[in-house]
Amino acid sequence: MKVADGFWLSKRGYDVRYASQAYKVSATENAIHVLATPYTVENRGQTLGGPNLEITYSSTVKDTIKVHITHYRGGLDNSPEFELNEDPNFKPEITVTDTMATLVSGNTKVEIKIGDDWEVKFYYKDKYLTGGAWRSTSYITENQFHANARMDLQQDDQFFNYPIDKRTAYLREQLKSDIGECFYGFGEKFTPFVKNGQNVEIWNSDGGTCSDQSYKNIPFYISSKSYGVFVNSSDKVSFEVNSDTVSKVTFTVPGEELEYFVIGGENLEDVLVNYTALTGKPSLPPAYTFGLWLSTSFTTQYDEETINSFIDGMAERKIPLQVFHFDCFWMKEYEWMNFEWDTDQFPDPPAMLKRLHEKGLEVCCWINSYVGQQSKLFDIGKEKGYFIKNPDGSVFQTDFWQPGMAIVDFTNPEACEWYKGLLKTLFEMGVNNIKTDFGERIPTNVVYHNGADPIKMHNYYTYLYNKCVFEALEDYFGKDKACLFARSATVGGQKFPVHWGGDCYAEYSAMAETVRGGLSLCSSGFGFFSHDMGGFEATAPADVYKRWCAFGLMSTHSRLHGSTSYRVPWNFDEESCDVLRHYTVLKGRMMPYLWSQANKTHKTGVPMMRSMVIAFSEDTACKYLDAQYMLGDNLLIAPVMNEEGVVEFYVPKNGTWTDVQSGKKYEGGNYYTEKCDYFQMPIIARPNSIVVYGNFDAEGSMNVLYDYLDSAEAVIYGLEDGNCAEAVVYDSESNVLTTIKAAREGNKIVVAYDATDKSFKVTCEGKTVEAAAGTTGVVIEL
């Protein structure tokens, strides 16, 4: 929301009043309370007007500073609230002098100047992070003439994009940015990865991957200076990132209150650890979900014979397949959602699902939270009050998507239980994963069961939807056995993985959009990310398909899915089968490493797929990289995204990196250009690291659930003299099998590990030794 008209003026129709003086400052044992006036009060007469702002600085989680700004406190208490892990008994250190009030939480602190000039500064240790001074914190009002004109423009847009918002008051904060400082995050954003210069609207939309709209909007950003800012509001938060005022990040919320958190950390990984401590750690998807998924695609024709031809075709070509997904038309047209199979296409669903499981496959089904009027569930939901309603009490309906569809109201506990019961019937048949599609097109001129503010529910709705389905899976299958394939999300959605990138086009530009979207999402607290390999819309040339398969298999989760055409590789060319097999087998071999990294993501909140700047916060070159990423701690992935097969990438400073396929060495701190065939996408191991490869038998069961230690190979990469490396190996149930530690002493590599009843190999610089069962260490002489 741009309000400034240059430096001195505000746009016509807006009145802006800034906090100018900390007129009154008081402290309790866990908070600092400030009464901020819009001018310096010099006499009693000046106390007779406002607007004053009541600002509270506190901390409820270590290394976070919570700022709550209020103009009027008399509003309705009907806002949906993010589920935050706050400790009301947490006590920060507070000191107040005549000139300064200071609050310290861990290594993060805020200083509020007491006196005539408004100034607030945030620090991590002694490093200045950001802050506000003159013309920063402000209360904004919009005159009615201007508001009416704005609402007239919104009339035709209210359902699909933006609300008709009759509110005319806003609170705004502006935080300073430094020269060369870069900003990232805000959820899944397909725009340039570095968000400087952009205007970001936090409003979930079904807009594909080619615009500034996005399915997963998160009011949280991180800075290259290693801090984060989280605005605690499900409303339509507007961010101007060095765009309204080019030296500041501005954020604005409608209404009379604004709350945000400044989150410190030693580096960006540490910031995300602290952010997810507040908003929730990513849950751990089952190990099998890291294998290859194959879909029916969307509007294609398919029945049991069709899907069997796909599954058997993959097996005949020795392409390991783990999960088969049924998209929308597993149900009869016009009847979504009725949770009943189309028996014209699938005459005996339980028997069919049993046969799929006997082939070693898991099963996923598509759902959404809408119920079409032709569904037998519509009348039940209407009678029981399970749907969102219009202000007059009637059921909200629309013809967009499913004709006459209603929307399930997840603020109604009975509706949630009803929906979970419908899901349970699928689980009992043999479905064990759910694709939770949609959840973005949520109307705002409606009424919810619990009376929640409908505008603020627009973004929040997806949280309740995905939470309901995830809980149903956990209730039936158990903890760490639930997996969604979700499209929409808001704050806290990382607790319900996995999320995929939505409707991308089958071309290289969309592939690059997908990389940026995934990196932005994983900069916003989400640990796992997937996308439609080969693109969703249209049909990719074989060239794009093969490159996308390489990228997709080196993502945390890998699914082949399309819109109007199938995504089986033989529909493209025979080499596509070879490429898909190559990277699927490679990912299967990497499962000991990948599964260890997934467990780390679950425990810490550091994303498994992460941008280079998150992994290497101190390397300036990494600040701007948006076409490569780290998969876990130790593997750099550089997707090839052009017909020429040329890829440019940067290898971070310090040490010698190694391509895990070719063995080629790369000295850190340099840019490289490679021309790659379809089997040689750069996958480059970090120096001083260990990557464990399992004995994945593609000729046998072709299942990613296997013994991750027996006959495995622990490869030590670029271990420098005097340095150490470590790897933890888990079984598929997340029990630690062993911890491998390597240390280099000149030309000698000393390897220690926990004794087990399994044997494995250890390799360094081409030399391999056997780590026999029952032993606790080996030495490699180079």
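This is a short talk about a few local features of one protein structure.

Hi everyone, and thanks for coming. Before anything else, please keep in mind that this is a predicted model. I'll begin with the largest pocket, go on to two helices, and then stop at some individual residues.

So, the pocket. How much space lies in the largest pocket? About 1,000 Å³. Its lining is made of 36 residues, and the ones closest to the centre are Leu76, Asn78, Ser79, Asp453 and Lys456. If you want to find the lining on your screen, look at strand E7 (64-70), strand E20 (248-254), strand E21 (257-264) and helix H7 (454-477), since each of these supplies at least two residues. What kinds of residues are they? The lining divides into 12 nonpolar, 11 polar and 13 charged residues. As for how one looks for such places, rolling a probe the size of a water molecule over the atoms shows where empty space is left.

Let's stay with two of those elements for a moment, E7 and H7. Lys66 sits in strand E7. Is Lys66 buried or exposed? Lys66 has a relative accessible area of 15%, and because buried means under 20%, this lysine counts as buried. Its side chain also has a partner: a polar contact of 3.0 Å joins Lys66 to the side chain of Glu86. Over in helix H7 we find Leu464, which is buried too, at 16% relative accessibility. From the C-alpha of Leu464 to that of Ser565 is 32 Å, and the two residues are 101 apart along the chain.

Now to the helices. Helix H4 covers residues 349-358, and its buried residues include Pro349, Met352, Leu353 and Leu356. Why do these four share a side of H4? They cover an arc of only 95° around the axis, so they end up on the same side of the helix. The general rule behind this is a friendly one: an α-helix has 3.6 residues a turn, so residues three or four places apart point the same way. Turn to the other side of H4 and you meet Lys354 and Glu358, which are exposed.

Our second helix is H10, residues 574-589. With 16 residues, H10 reaches 23 Å from its first C-alpha to its last, close to the 22 Å expected at 1.5 Å a residue. What caps the N-terminal end of H10? That is Asp573, with a side-chain oxygen 3.3 Å from the backbone nitrogen of Glu575. Buried residues in H10 include Ser576, Cys577, Val579, Leu580 and Tyr583, and further along Lys587 and Gly588.

Next, some backbone oddities. Most residues other than glycine have a negative phi, and most peptide bonds are trans. Here are four places that go another way. Asp63 is not a glycine, yet has a positive phi of about 65°. You'll find Asp63 in the loop between strand E6 (53-58) and E7, and it is buried, with a relative accessible area of 6%. Trp401 also has a positive phi, near 85°. Trp401 belongs to the loop between helix H5 (377-384) and strand E26 (406-407), and at 27% relative accessibility it counts as partly exposed.

The other two places are cis peptide bonds. One runs from Trp336 to Met337, with omega near -5°, and Met337 lies in the loop between strand E23 (323-326) and H4. The other goes from Pro497 to Val498, with omega near 15°. Val498 is placed in the loop between H7 and helix H8 (508-522).

Two more loop residues and then I'm done. Thr411 lies between E26 and helix H6 (413-429), and is buried at 11% relative accessibility. What does the side chain of Thr411 reach? The backbone nitrogen of Asn450, at 3.4 Å. It also makes a polar contact of 2.6 Å with the side chain of Asp409.

Finally, Lys91, in the loop between E7 and strand E8 (93-96). Lys91 is partly exposed, with a relative accessible area of 48%. The C-alpha atoms of Lys91 and Ser59 are separated by 7.3 Å, although the residues are 32 apart along the chain.

That's my tour. Thanks for listening!

Conventions
Residues numbered from 1 in each chain as written. Predicted model: local features only at pLDDT ≥ 70, side-chain atom pairs only at ≥ 80, totals over all residues. Heavy atoms only, no water. 1 Å grid on protein atoms, 1.4 Å probe; cavity = no way out; pocket = protein on both sides within 12 Å on 5 of 7 lines; lining within 4 Å. Points joined across faces, edges and corners; volume = space filled by probe spheres on them. Nonpolar A, V, L, I, M, F, W, Y, C, P; charged D, E, K, R; others polar. Expected span 1.5 Å × (residues − 1). Buried < 20%, exposed > 50% of the residue type's maximum accessible area, 1.4 Å probe, protein only. Polar contact = N/O pair within 3.5 Å; in protein donor to acceptor, adjacent residues only side chain to side chain. Arc of directions from axis to C-beta.
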